[in-house]
Amino acid sequence: MSVANPTFSQIRAQVAAIRKKMPQARTIGIRSTGRWTGELRNQEGAETYLVQQCDSPLALRQALRLPMDGQTTKILLTPLEDGELSDDIRVRLAKRCLFQIDAWQIVRTLFQAHAVDPRLTRHGWIADALLESVPPEGYPAARGAFLDAETAWPLLLGQKLGLSTDSPDLTALLRWSITPDAIGLWKCQSDQFRRAVTDWLADKAGPVAGVLLPAMAGWDHTDAVPLGLVAGVLFAPDVGGRLDKAIGKLEGVYLDNQSPPADLMQSWGAAATEVVRAIRHTDADRSRQLLVRADTLLQEFGATGFAHLSNTSPAGFDQRLTKFGQLLAEVVQQQAWSSVGKLKSALDGIRAHDHALRDNRRLERAEMALRLVRWLAGQGMAGPGPHSLAEAAEGHLTEGGFVDWARLTLRAGDPLGTLSEAYARLFAAVTEVRERQAEQFARFLVDWTATGSQGDEVLPVERILTEVVAPLAAERSVLVIVIDGMSVAVGRELLADLLQKEWLPLAEPGRAHNRAGIAALPSVTEFSRTSLLCGKLQPGNGDIERVGFAEHPALLKHSRANNPPILFHKASLQKAEDSGLARDVREAIQSSHRKVVGVVVNAVDDFLAKGDQLDVSWSQDKLHIVPALLHEARIAGRLVVLLSDHGHVLDAQTVQRAPEGAPEASGARWKPTVGQAHPDEFAVRGSRVTIPGQQLTAPWSERIRYGGKQHGYHGGLSPQEMVVPIMVLSSTDKLPEGWQLQPVDLPLWWDESLSPTPTVAQPTPKLKPQKPLPTGKLFDLEVEAELAVMPTAKSEKSGWIAQLLKSPVYEQQQSLAARGLRDPTVVERFIQALDDRGGKITMLALARVLSLPEMRVAGMLAQLIRLLNVDGYQVVSHDVASSTVELNRDLLLKQFDLVEE
């Protein structure tokens, strides 16, 4: 096609096409019926183009005589035919002829194509558009010498709109729409270009493009993504016509009164959600701006109250939390602790929202609230309670610490008043129960102290180094980390974090978990920490602790003569020349000659002394120096023993009570015994009371203090202050003799997956009679822990499992397994647990069933899968994404040849 008035873009493209075959061409004649009306001299990069209009042979000869340098190309435009040119003119032109300007012919040459897609040639302007923007390096050669639309359109979209993608799907279109120039570039294009682009993208990206692109020409904001997010709310399946007015506003203001079908608008919403999620980490500010704009549009349309239907809306996240708070307030007010169904559904909605990832502390508080409701529900079915200090201390260690972890998480409240008030009410309800338990514990403690503190079921702090650390040091080097003031609640939270760092918890020989330690009296650093580190009851300071630790008889017994136990306090842990761990501390831990190294970390105690209300989530990183200590211990192959000298209570509207007698002899939570104790106090006497006279008075209630206001206190008789956690950790599978991996010991109410879910009994097909179960061991991997969660006795329901264990196929599978479980009852309990839960169980619940640490259950599961998946059939499957295990019972019965045809 000839162009009436040639443009410089066409001329330059024609020159580029000629040079593909004649790179040295510098004088080029072009026949054109249109006239050149532009400048004589045209610059393009480093090259100059001289373009002259020559209407006669004389004009051609004159133009040919004009001088030019090596960077200049001379283009002569003429209406003459080739036959009208004399030989003296021809010989000086490239290829000795005139070239015809044919846009599509030039395009074919530039793309080295023999043919062009009819979907392109039906739009004559596309050739000119391609010629206007030839890249310096030229266009890539068309595949198969055929220039198709799938090649040309992405080039055009990139050149004209900045939409660079080989796959123009809806998410790519929406991502382009949020670029700063997208609206301006789109609006400045011609109508024919916009119509053609809309048709092309509607075919490739879907019908949403056919609605979106025409509307964008009238917008002033890049609202394609925010409007998509809004569409996800307005057209949600649950709306049911309640937002027709808002939809009308959207269509009238932003969609040129178009009324797209609901499924199309839902697709728009899904793609917009995908876009904001995709840029959340790469461009957080932009993601936030889009979400805020979407909420503004919801308000503009009068639909803010439905923001909770969105998984991305910030306002919707608050609405979901508010709903949770309303339901929680009802449960607490009515004390309907067993009515958790709606509360759990509301929490699931919070978890599903994108903001739960960035506001994970708010999500954590909601989860803790649901856990506490489940715990309160169980209190109505609780037994008579503990009968001794040992039972009370163990109860605090195995359950009370979890309750306090959850309860104290609620103290910070929430920015939403409704939810914050609900948390406060739940906190008060749980605290009332904990107060009764604290009083009971303190009574046992008073009696136990008065009668000489006998027995082995709890460990007084002064015996911990002798009975825990020294036996470990007999086999392995040990790092003792004393976290001053660490309560059981803090210890539980810290341990949960450490287990994610692949540290393995160990339990004392013959026990499922370690015994509880009991602080000295009063339960403060001066008395209890010194007693712990010296191995005998006495007050003291850091100097006395260092000497006592180094001279501890039981530790010295397993130390080399020139390398006694060594203890580092806060001032020694960091030096000016080392921003991390001090060199002498590192060297001590790394030394193979130093069997016992001790470190005192004051992070928790320092936290208690602060007056500001901080919301702290306890992890190793919050303890600053602890990550470096654990790193060095891992490298050195040391066992780690995490200890505390005492616990603490946090300030929750405590009441100050002036101590009777001499205030200077009192602490924040203890005082010398003078007169009659108040109802919330006990007087305690005995050899473990380390102040003169061996008697003191202290509150069992966490609501009383004698000193000034702080963030937290210690010195009292509550289990939160008196029970000391003892955590032994290993970074390898090499365990000390008699010690074993500590199994998952989460309370059943902590995670809903831990409790068996009642299911409708599944009918078992008629089973074939089988021969007796063969004798002999199934596998050689040790699983010594008692599997106490699932019943050992076979019930009617598990009769088919007994048949499975007797089947010939099982016997064959058993003989093929090289490694695995020693006790075949583990297989029975595994299958029984799955069957009790309708065929599906979480990895956490499975760990509890098998009495293993969660991080070790994957290895056990691999052995069970190898045993039960006959011929590769998926009898047992593991979904890593959801951390669940599923049993196909019908397939199992078939594969093990248990059912009759």
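These are my notebook entries on pockets, cavities, cores and salt bridges in a predicted model.

**Ground rules**

I am working on a prediction, where local features need pLDDT of at least 70, side-chain atom pairs count only at pLDDT 80 or more, and totals for chains, interfaces and linings use all residues. Residues are numbered from 1 along each chain as its sequence is written, and side-chain values use heavy atoms, with hydrogens and water left out.

**Entry: the largest pocket**

I started with the open space. My grid is 1 Å over the protein atoms alone; a pocket is an open set of points with protein on both sides within 12 Å along at least five of seven lines, whereas a cavity is a set where a 1.4 Å probe fits but cannot get out. Lining residues have an atom within 4 Å of a point. Points are joined across faces, edges and corners, and a volume is the space filled by probe spheres set on them.

The largest pocket comes out at about 1,200 Å³. I find 40 residues in its lining, and Q500, L746, W750, L844 and E854 lie nearest the centre. For the elements I use DSSP runs numbered from the N terminus: helices are H or I with at least four residues, strands E with at least two. Helices 17 (341-352), 19 (360-379), 20 (389-409), 23 (488-500), 35 (843-849) and 36 (857-868) each put at least two residues into the lining of this pocket. Helix 19 gives the most, with nine residues.

I also split the lining of the largest pocket by class: 20 nonpolar, eight polar and 12 charged. Here Ala, Val, Leu, Ile, Met, Phe, Trp, Tyr, Cys and Pro count as nonpolar, Asp, Glu, Lys and Arg as charged, and the others, Gly among them, as polar.

**Entry: closed cavities**

Next I counted cavities of 30 Å³ or more and got four. The largest holds about 170 Å³ of space. Of its 16 lining residues, L397, R492, I726, M727 and Q742 are the closest to the centre. Helix 23, strand 10 (504-507) and strand 22 (727-730) are the elements giving two or more residues to that lining, and helix 23 gives the most, with four. The class split for the largest cavity is 10 nonpolar, four polar and two charged.

The second largest cavity has a volume of about 100 Å³. It is lined by 14 residues, with D404, L408, H648, V649 and Q720 closest to its centre. Helix 20, helix 23 and strand 15 (649-650) each supply at least two of its lining residues; helix 20 gives the most, with four.

**Entry: nonpolar cores**

For burial I use relative accessible area: buried is under 20%, exposed over 50%, partly exposed in between (1.4 Å probe, protein chains only). A nonpolar core is a set of buried Ala, Val, Leu, Ile, Met, Phe, Trp, Tyr and Cys residues joined through side-chain atoms within 4.5 Å.

Which residues touch the most other members of the largest core? W153, L174 and L234 do, out of 84 residues. The largest share of this core, eight residues, comes from helix 12 (residues 224-234). A second, separate core has 79 residues, including V373, M843, L852 and L892.

I then looked up W153 on its own. Leaving aside neighbours within four places in sequence, W153 is in contact (heavy atoms within 4.5 Å) with L120, W125, I126, A196, V197 and W200. W125 and I126 are among the buried residues of helix 6 (residues 124-132). The cover over the buried residues of helix 6 includes helix 1 (8-21), helix 4 (103-110), helix 5 (118-121), helix 7 (149-161) and helix 10 (191-205).

**Entry: salt bridges**

The whole-structure search gave me 52 salt bridges (side-chain nitrogen of Lys or Arg within 4 Å of a carboxyl oxygen of Asp or Glu).

D117 and R119 pair at 2.7 Å, N to O. D117 is buried at 5% relative accessible area, while R119 is partly exposed at 34%.

E364 pairs with R361, with the closest N and O atoms 2.8 Å apart. Both lie in helix 19, three residues apart, about one turn of the helix. E364 and R361 are both buried.

R657 and D680 meet at 2.8 Å, N to O. Both sit in the loop between strand 16 (655-656) and strand 17 (681-685), so the pair ties together parts 23 residues apart in sequence. R657 is buried at 19%, and D680 is buried at 16%.

Last lookup: K344, D348, R351, E367, R374 and E752 are linked in a network of salt bridges.
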